[in-house]
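Me: I would like a close look at one part of this chain, with its surroundings filled in afterwards. Please keep it brisk.

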Amino acid sequence: SNCEEMVLNVQFSPLTPPSGFSSYNGGEMNGTSKMMDFLEEPLPGVGTYEDFNTIDWVREKSRDRDRHREITSRSKESTWALIHSVSDAFSGWLLMLFIGLLAGSLAGLIDISAHWMTDLKEGVCLAGFWFNHEHCCWKSNTTFTDRDKCPEWKSWSQLIIGHGEGAFAYILNYLMYVIWALLFSLLAVLLVKGFAPYACGSGIPEIKTILSGFIIRGYLGKWTLIIKTITLVLAVSSGLSLGKEGPLVHVACCCGNILCHLFTKYRKNEAKRREVLSAAAAAGVSVAFGAPIGGVLFSLEEVSYYFPLKTLWRSFFAALVAAFTLRSINPFGNSRLVLFYVEFHMPWHLLELVPFILLGIFGGLWGAFFIRSNIAWCRRRKTTKLGKYPVLEVFVVTAITAILAFPNEYTRMSTSELISELFNDCGILDSSKLCEYVNDFNSTKGDDLPDRAAGPGVYTAMWQLALALIMKVFITIFTFGMKVPSGLFIPSMLAFYHHDWVIFSGWCSQGADCITPGLYAMVGAAACLGGVTRMTVSLVVIMFELTGGLEYIVPLMAAAMTSKWMADAIGREGIYDAHIRLNGYPFLEAKEEFSHKTLAMDVMRPRRNDPPLTVITQDSMTVEDVETIINETTYSGYPVVVSRESQRLVGFVLRRDLIISIENARKKQDGIVSTSIIYFTDHSPPLPPSFPSMLKLRSILDLSPFTVTDQTPMEIVVDIFRKLGLRQCLVTHNGKLLGIITKKDVLKHIAQLANQDPDSILFN
C-alpha cells in the first residue's frame, strides 16, 4: 500500500474527491525510435499539489534554494539582473508591509463597526446614526457623572413611545435588544452557509494544520476573507459569548495568502508561502490584542510549524505595521497599541503569590472543564441531527444568550468594555458601580484614595459579576464552534479585599490600599485563557502589552504556569489541538513526546497478508501500464525501482505529476501512444524503428526520497516527520525496498498507542 491521502468533507459545501485519471485515446504510431523528453521546459501544474494533500517541505525548500542560486548567479551578468536580485530579496519585507497595512485596516473596520452595531441594540444617535453611544455623547454638555445619558442618544423606548422609564419601556428595550441580536446572528450564519463555509469558527486549528504543510484550498481565499470580515462584525455585535481574537488571526492569514499572489517567489512555493502565513498570524494577534511582540511569540509558540530567524524579524515588522495602522484608523477606540492600559500605583507583595497561584489553579480547572465540555458538545453536534441545522442552533443559542444577558449590565456590555472596566483601578472620577465607595474627600490627597467603606453599588456589582461568570462559563461551551466566526474572549475576575483581615496586617499601613483589585482581574484573565489555550510565555507578554503593567510579569507568569500545569494534569490538549483532533486534521504536534518502543517495520505498509507494494519500474512499463496503476489506486505517489525482481530503489514520483505529464505528452507530442515505454533514466537502449516513441519522465522523479531501515525506532521516524515535514518515508532492508510510511500511518499509530480509535484519523 502506498501514500494514501485524505479528503475533507466540509459542511455546507460538499467537496468531490480529486478526480481520477481518465482513459485516453491512443495516437498513431510514427515508427520513430526517438525518446520524447518534452519536460525539458516546466509544465504548468507539475510540482503543485491537489487539494487536501500534504506538501513536500524538502522539495519546496530545495526548489527555493535552486531559484535563489540562479538569481544570484545571473545578478553578475547585467544591471537588470542585479536589480531583479535586489527586488527579489526586498520582496519579503514589502509583502510584510502590505500584510500589516491590510490586516490593520480590516481590524480597524471590524472594531469600529462592531462597537457601533453593539450599541445599536440599545438605541441610536440622533446627531448621526453612524455614531456609537460613546462618540455620540462626546460633544454633549451633560455633567461628568451623567456623561452616558446625553440627550443626543436615544434608547429604542424613547424613540418609539417617547420615554425611557417604567416597566413597558424596559420590556420594549429588552425586546429590541433580543430582536437585533437575533437579526445579526442569523445574518452571519446565513452568509457563512451561503457564500463561505470556511468562514465559521475560530480558524486557528485549521491555520495550524495549513502551516504544518496541509493544503485546504479556499480556506484562505478572497471569499473567505470578505465573508469572515462581515460575519465577524455581526457575530460580535449579536452579543454571543465569543471574541474576535482567533477570527482576526484567520483574517490576517487570508490577507497574507492573497497578497502572496503578487510575488512569484511566494506564489509558486508552498513552503515560502507558509513563512508569510506565520508572519500574518503574528499580525493577526497584534491587531486582536494590540500586542506586536506577543503576536510574534504566539505565532512561534502556538501556531507555526516552520519558523526561521528571518521570519521572526519579518513577523515583528508586520505586527508593528498592523498595530500602528489599527491605531491610526481607530485612535479613540478600545483597540489601541495598549488595549487596556492600567496604572496601578501599589506594588504587589510576596504573600500575594498564594492567591495568584490559586487563580492559576482555578484557570486550569476552568480550561480543562471548558475543553472537555466543548469537545463533547461539538462531537454530539457532528454525530447527531443537530449538525444538520446550524441556523437553528445559532438562533437558539443567540436567543438564550440575549435573554439572559440583558438584565445584567455586565453581560449586556461588550466584552472589551467589560474587561476594561475590570482591569482598571478605581479613581476619584470613576462612575462605575465597582468604584462606589463612601467618599471622604477631607483625607484625599491628589489622586490617592483613603480607606473607604464599600457602598451598595459595590455589593450589587459583585453578585452581578458572579452571575455573569456563571453565565459566561456555560454559554461559551455551546457558542464556541458554531457556524459563525467565534474566538475565545478573555474571561476576567474582580477582587474585593478586606483590609482589616489578619493576613494583611503585615504590609497594610493605615489608610493605604492593601491590594490592587484590578491586578487580580488581570491575573485571572491570564489564568483562564492559559488554561484553555495552554499558552505560557506568549500569553504573559500579550497581557503585559495589553495593560502596560511591566512590574506584574511575575504574578502573570505564576498564574499562567500554574494554570497550564493544572490543565495538563487533567488533559494534555489545548482547545486548538483538541479541535484539530476532533476534525481529524493531519497534524503532528511538535510538543508531544513519542516514548514507545516500536520500529518502522511495525508501522510501514504493506503489512503481512497485504498485497505487495505498488511500484513503477524505471524502464520497462508502458504508458498504458502506468495509467492502469493510476486508475486502480488512490495513492498520491509511487516508488520507482530498477525492476520488480531486484526492488532496488531509484526514486519517488508523485501521482499528480504523472497524470499531468502523460496528459500533456499525449496532446502535444507525436508518437506517444499506450504502448510507448516510460523511462526514468538518463539514457535508453536503442529500439527498432517500428517501436513507438518513448517518453522520458526523469525530470519529475525525486531522486533523493527519504528512507529509513526497517529497524529504525519509531521515535526517530516521528522526529523525522515532524522536523522535516515529510509526507512519506520509504522503508528499506539491505538496500531493498520493503514498504512505505505516510503521515497518516504515523498519526494512526500514535492514536492506537494512546488507546484511541485509529480510524478516527480520517481527515473528514
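Which residue in strand 7 is the bridge partner of Tyr638?

Reply: The partner is Val653. Keep in mind throughout that this is a predicted model.

Start with the strands that hold this pair. Tyr638 pairs with Val653 of strand 7, and strand 7 is joined to strand 6 (residues 637-641) by five bridges. Strands 6 and 7 run antiparallel. In general, sheet strands pair through backbone hydrogen bonds, in either a parallel or an antiparallel way.

Now widen the view to the sheet. Its order is 4-6-7. The sheet is open, has three strands and shows mixed pairing. Strand 4 (616-617) and strand 7 (649-654) are the edge strands. Each of them pairs on one side only.

The loop between helix 22 (600-603) and strand 4 deserves a look. Pro606 is found there. A cis peptide bond joins Arg605 to Pro606. Omega at that bond is about 5°.

Next, move to helix 24 (residues 655-668), which holds Asp657. Asp657 forms a salt bridge with Arg59. The closest N and O atoms of that pair are 3.3 Å apart. Arg59 sits in helix 1 (residues 57-74). The two residues are 598 residues apart, and the pair links distant parts of the chain. Arg59 counts as buried because its relative accessible area is 19%, against a cut-off of under 20%. Asp657 is buried too, at 2% relative accessibility.

Phe52 lies in the loop between strand 1 (35-36) and helix 1. Its phi is near 60°. That is a positive value in a residue other than glycine. Phe52 has 3% relative accessibility, so it counts as buried.

The Arg59 pair is one entry in a longer list: the structure holds 22 salt bridges. Side chains of opposite charge can pair when their charged atoms come close. Two further pairs are worth a stop.

Take Asp568 and Lys564. They form a salt bridge, with the closest N and O atoms 3.0 Å apart. Both residues are in helix 20 (residues 553-570). They are four residues apart, so about one helical turn separates them. Asp568 is buried, with a relative accessible area of 13%. Lys564 is partly exposed, at 22%.

Then take Glu573 and Arg581. Their closest N and O atoms are 2.8 Å apart in a salt bridge. Glu573 is buried, with 19% relative accessible area. Arg581 is partly exposed, at 34% relative accessibility. Elsewhere, salt bridges that share partners join Lys208, Glu302, Asp577 and Glu589 into one network.

Glu302 leads to a helix pair. Helix 10 (residues 270-289) and helix 11 (residues 292-303) have axes that come within 7 Å. These axes cross at roughly 130°. The two helices are therefore oblique to each other. The crossing of helix 10 past helix 11 is right-handed.

Helix 8 (residues 245-259) gives a check on geometry. At 1.5 Å a residue, its 15 residues should span 21 Å. The end C-alpha atoms are 21 Å apart, which agrees. Of the 15 residues in helix 8, 14 are buried, so the helix is largely enclosed by the rest of the structure.

Finish with another sheet. It is open, and its three strands follow the order 10-11-12. The pairing is mixed. Strand 10 (707-709) and strand 12 are the edge strands, each pairing on one side only. From one strand to the next, the twist averages 35°. Strands 10 and 11 run parallel and are joined by three bridges. Val708 stands opposite Val731 in strand 11.

The loop between strand 11 (728-733) and strand 12 (736-742) contains Asn734. Phi of Asn734 is near 55°, a positive value in a residue other than glycine. Asn734 counts as exposed, at 75% relative accessibility. Phe52, with its own positive phi, is buried.

Back to the starting point: Tyr638 has Val653 as its bridge partner in strand 7, and strand 7 is an edge strand of its sheet.

How values were computed: Residues are numbered from 1 along each chain as its sequence is written. This is a predicted model: local features need pLDDT of at least 70, side-chain atom pairs count only at pLDDT 80 or more; totals for chains, interfaces and linings use all residues. Side-chain values use heavy atoms; hydrogens and water are left out. A salt bridge is a side-chain nitrogen of Lys or Arg within 4 Å of a carboxyl oxygen of Asp or Glu. Buried means under 20% relative accessible area, exposed over 50%, partly exposed in between (1.4 Å probe, protein chains only). The expected span of a helix is 1.5 Å times one less than its number of residues. Two strands pair if DSSP finds at least two bridges between them. Axes are lines fitted to C-alpha atoms, for helices over the stretch in contact, and angles run from 0 to 180 degrees between N-to-C directions. Angles under 35 degrees count as roughly parallel, over 145 as roughly antiparallel, 65 to 115 as roughly perpendicular and the rest as oblique. A crossing is left-handed if the near helix is turned anticlockwise from the far one by less than a right angle, and right-handed if clockwise.
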